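Got your viewer open? Here is a walk through the model, one selection at a time.

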Amino acid sequence: MALNITKTPKCYVGGAFIRSESGRVYPLHDADGGFLANIPLCTKKDLRNAVEAAAKAGAGWAKRSPYNRAQILYRLAEMLESRFSEMAAVTSDKETRATIDRIVHFAGWADKYEQVLGSVNPVASSHFNFTVTEPMGIVGVLAPEEAPLLALVTLILPVIVSGNTVIAVASKSKPYPSILLGEMLAVSDLPGGVVNLLTGDRVELIPTFATHEHLRAIGATATKDEAKTLQQGAAESVKRVVLHEPKTDWFSESHDSPYAIRDFVEAKTVWHPIGS
Amino acid sequence: MPAKTSRTQARELLFGDLWEFDPAPESAPAHIDERYKLFIGGRYVTPKSKKYFDSISPRDGKKLAEIPHANAADVDAAFAAAKQAFGPWSKLPGAERGKYLFRIARLLQDRSREFAVAETLDGGKPIKESRDFDLPMAAAHFFYHAGWADKLQYAAPGRTLEPLGVIGQVIPWNFPLLMLAWKIAPALATGNTVVIKPAETTSVTALKFATILEQAGLPPGVVNIISGAGETGAAIVNHPDAAKIAFTGSTEVGKIIQRALAGTGKKLTLELGGKAANIVFDDAPLDQAVEGIVNGIFFNQGHVCCAGSRLLVQEGVEKELVARLKRRLSTLRVGDPLDKNTDIGAINSKEQLAKIKELVQSGIDEGAEIYQPSCRLPGNGFYHAPTLFSGVSQSHRIAREEIFGPVLSILSFRTPEEAIEKANNTCYGLSAGVWTDKGSKILRMASALKAGVVWANTYNKFDPSSPFGGYKESGFGREGGRHGLLDYTKLA
């Protein structure tokens, strides 16, 4: 009987598949304790490299038209649907289905949230005054251990739909869905560097997530201690931090919301005189 | 196409000091008490600390009133009152909450002149600004938010807005009563109760505001007004019963607050410092731009977080614009803020004056060229002449640090790309100005500038319906409009 070709799991960073710069890995086992694969144990240096990749991709992604961003996200749903059984095998049918639906939901928001979140303001003086949203830039995402696909995607989608870029750390105990997600992102027309997925130990990476000045916001599930570290570090550069309970129900429809997008956009108000 | 530079010098009438203007002091009574009390649970109470400090009028350096220096026990009492008031207040029908806010707006309008004079005496801003800007705008904020109280279900489609609880609010000294209105009005409209602390040097109008609340019949404890210094503010920020902290002030203190709240689960909005670029292109209407530049940096003595403190001029019009600007500066009247003709009043405090002077000296030391019109400053009180620095480079302190005074740094640029690069090259991101005749250029610049407010062919305009707040280290959250409202609620 011919031997199977096993896959080497790699992280998806800057549109490329990489191992950790440190060469470190940790073993992933199946339910029976058998060896499955080695997963990259990413370092602070990997995080900084990912931030550089995200910075390069940011301007171009933010400039894409909302319609174009919508189509690219929809394409991601197509890519996941076409490998449904493979993803369901490492998560579940239910989680994969919910993830596809959530991607489609947010794809549709790309050219709509502005009309919900923005405004034309009826000022008393003779000025045309409006408020539009803009992406913040590079955003750090820390996904929980459970719902390793759905939670990760639910945290990433509202960030990128407006033109931000992401560096996300996947579930440590269940990293494989993020490895597959990277492969799907790579063929989804999403420009390389917009979503960067790291695997490894969040405990090691949290201090750098907190203090890296080029990360303008953090979206994370965090324990109380982790929240404190993240928010204290964030204060050094007045970074925005959006926290979720580790026990969040990721299947809840409450996540299908433009207000999750609002957490990762800046509001810009423009004034112009009306008259001669 | 670049504007034509005029070959002939514009004609102007130069009277110099030939004639003195007669003083035109505002004479309406300000009704300032000799000694104030804290306002807690609907009652005027002496501070448990038994301590007071003097509020100095920057106009003449003389003592104006004695202000309670609240301690942690006073702050505790205020939070207890606010906590007790929260239940009934948040359950009150929105329309009823709104009626209180409408009343407050009307009462502020009634007593507008009295408060304007008090504001000018206590803070040093020209009476024409406190009379024509601070007071009408403060009343407008209450009126605007009053109308939201029974319409919250329309503020966020698909969600219900729920109040947060007791909000701790700490406000700055540059627009004392207006910042109080920005903070209290949205908090109350959404069903929260408030513990608010005015800045140490400008507590008078906040403490006077208690009488407005009393006249409006606001239920006890809904708004509690606590005066004091830094440690009083810290006691508010760190109080376990605060559901949210709303702070306007320096980036330095904002970072301390953000750090202090880490891991507490309290919500936070910060409206912090700025170093705004005011960008003038060579196709701009120059006379209008000059007025906008003057308003941008000399409004309220430059004590404005969104002041247009960095002027970026396109090279082709730099010489002409600076010449016109200097000419305009010589007509600004600096002096007694209570005089109705005064354009630039007193610097808020001795400490702030020292800080401005220190930064001005750094500009001279680092090689920028200083210009100040000849103007006589009053002998007593805290005053600073309007100041221009030309030949400023990006690395100079006066181009990077917030001066918070009547000091403008002038830099030049050649292309829109260079202007964007220079404008965004700062840790701040509160505001920016653009002056050009070309609409598409305005929209391009407006979208490229990393700032929460962009004024195009205007500057320093504000409105309760218009969201205000910063990018980057200028803070987060917005004040005003639907955006500001949402920051005082949780979406259920």
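The stops below go from the contact between the chains to the sheet, the domains, the cores and a few backbone oddities.

Keep in mind throughout that this is a predicted model.

**Stop 1: where the chains meet**

Start by colouring chain A and chain B separately. In the contact, 30 residues of chain A face 38 residues of chain B. On the chain A side, select strand E6 (127-135), helix H9 (224-235) and strand E12 (265-273), the elements that each give two or more residues. Which of them gives the most? That is E12(A), with eight residues. Colour the chain A side by class and you get 13 nonpolar, eleven polar and six charged residues.

Now stay on E12(A) and add residues 453-456 of chain B, which are strand E17; the two strands pair in the parallel sense over three bridges. For a pair to label, pick A:Trp271, whose bridge partner in E17(B) is B:Trp455.

**Stop 2: the sheet that runs through both chains**

Next, show the strands as ribbons and follow the sheet outwards. Ten strands make up an open sheet with mixed pairing, in the order E5(A)-E6(A)-E12(A)-E17(B)-E16(B)-E11(B)-E12(B)-E15(B)-E14(B)-E13(B). Why do two of the strands have a side without a neighbour in the sheet? Strand E5 (119-120) of chain A and strand E13 (369-371) of chain B stand at the edges and each has a single partner strand, so one side of each is left without a neighbour there.

Zoom in on the chain A end. E5(A) pairs with E6(A) in the antiparallel sense, over two bridges. Label A:Val120 here, and then its bridge partner in E6(A), A:Phe130.

Over on the chain B part, select residues 286-298. This is helix H9 of chain B, lying across strands E11 (277-280), E12 (310-314), E15 (407-413) and E16 (431-435) of chain B. Relative to E16(B), H9(B) runs at about 165 degrees.

**Stop 3: two domains in chain B**

Hide chain A for a moment. The domain assignment splits chain B into domain 1 (38-272 + 471-491) and domain 2 (277-456). Taken over C-alpha atoms, the centres of these two domains are 30 Å apart. Their contact takes 20 residues from domain 1 of chain B and 26 residues from domain 2 of chain B.

To see the domain 1 side, select helix H3 (112-123) and helix H4 (127-148) of chain B, the elements that give it two or more residues. H4(B) supplies the largest share, three residues. By class, this side has five nonpolar, seven polar and eight charged residues.

While chain B is alone, pick out B:Arg327 in helix H10 (residues 315-329). Is B:Arg327 buried or partly exposed? B:Arg327 has 15 C-beta neighbours inside 10 Å, so it counts as partly exposed. Run a distance from B:Arg327 to B:Glu20: the two are 307 residues apart in sequence and 19 Å apart in space, C-alpha to C-alpha.

**Stop 4: the nonpolar cores**

Bring chain A back. The largest nonpolar core has 176 residues, and A:Ile156 and A:Ala168 have the most contacts inside it. Helix H5 (residues 176-189) of chain B gives the largest share of this core, eleven residues. Apart from that core lies another one of 69 residues, including B:Val304 and B:Tyr471.

Then centre on A:Ala168. Beyond its neighbours within four places in sequence, A:Ala168 touches A:Val141, A:Ala143, A:Leu152, A:Leu155, A:Ile156, A:Leu197 and A:Leu198.

**Stop 5: a hairpin and some positive phi angles**

Select residues 25-40 of chain A. Strand E3 (residues 25-29) and strand E4 (residues 35-40) run antiparallel and are joined by five bridges; in one of the pairs, A:Pro27 partners A:Asn38. The two strands form a hairpin with five residues between them, and A:Gly33 in the turn has a positive phi of about 90 degrees.

Two residues that are not glycines finish the tour. A:Ala147 has a positive phi of about 50 degrees and sits in the loop between strand E7 (138-142) and helix H6 (150-160) of chain A. A:Ala147 is buried, with 24 other C-beta atoms within 10 Å. B:Asn457 has a positive phi of about 55 degrees, in the loop between E17 and strand E18 (475-476) of chain B. With 19 C-beta neighbours inside 10 Å, B:Asn457 counts as partly exposed.

How values were computed. Residues numbered from 1 in each chain as written. Chains lettered and ligands numbered in written order. Predicted model: local features only at pLDDT ≥ 70, side-chain atom pairs only at ≥ 80, totals over all residues. Core = buried A, V, L, I, M, F, W, Y, C linked by C-beta atoms within 7 Å. Buried ≥ 20, exposed ≤ 12 C-beta atoms within 10 Å, placed from the backbone. Helix = DSSP H or I, 4+ residues; strand = E, 2+ residues; numbered from the N terminus. Contact = placed C-beta atoms within 7 Å. Nonpolar A, V, L, I, M, F, W, Y, C, P; charged D, E, K, R; others polar. Pairing = 2+ DSSP bridges. Domains from an automatic or database assignment. Axes fitted to C-alpha atoms, helices over the stretch in contact; angles between N-to-C directions.
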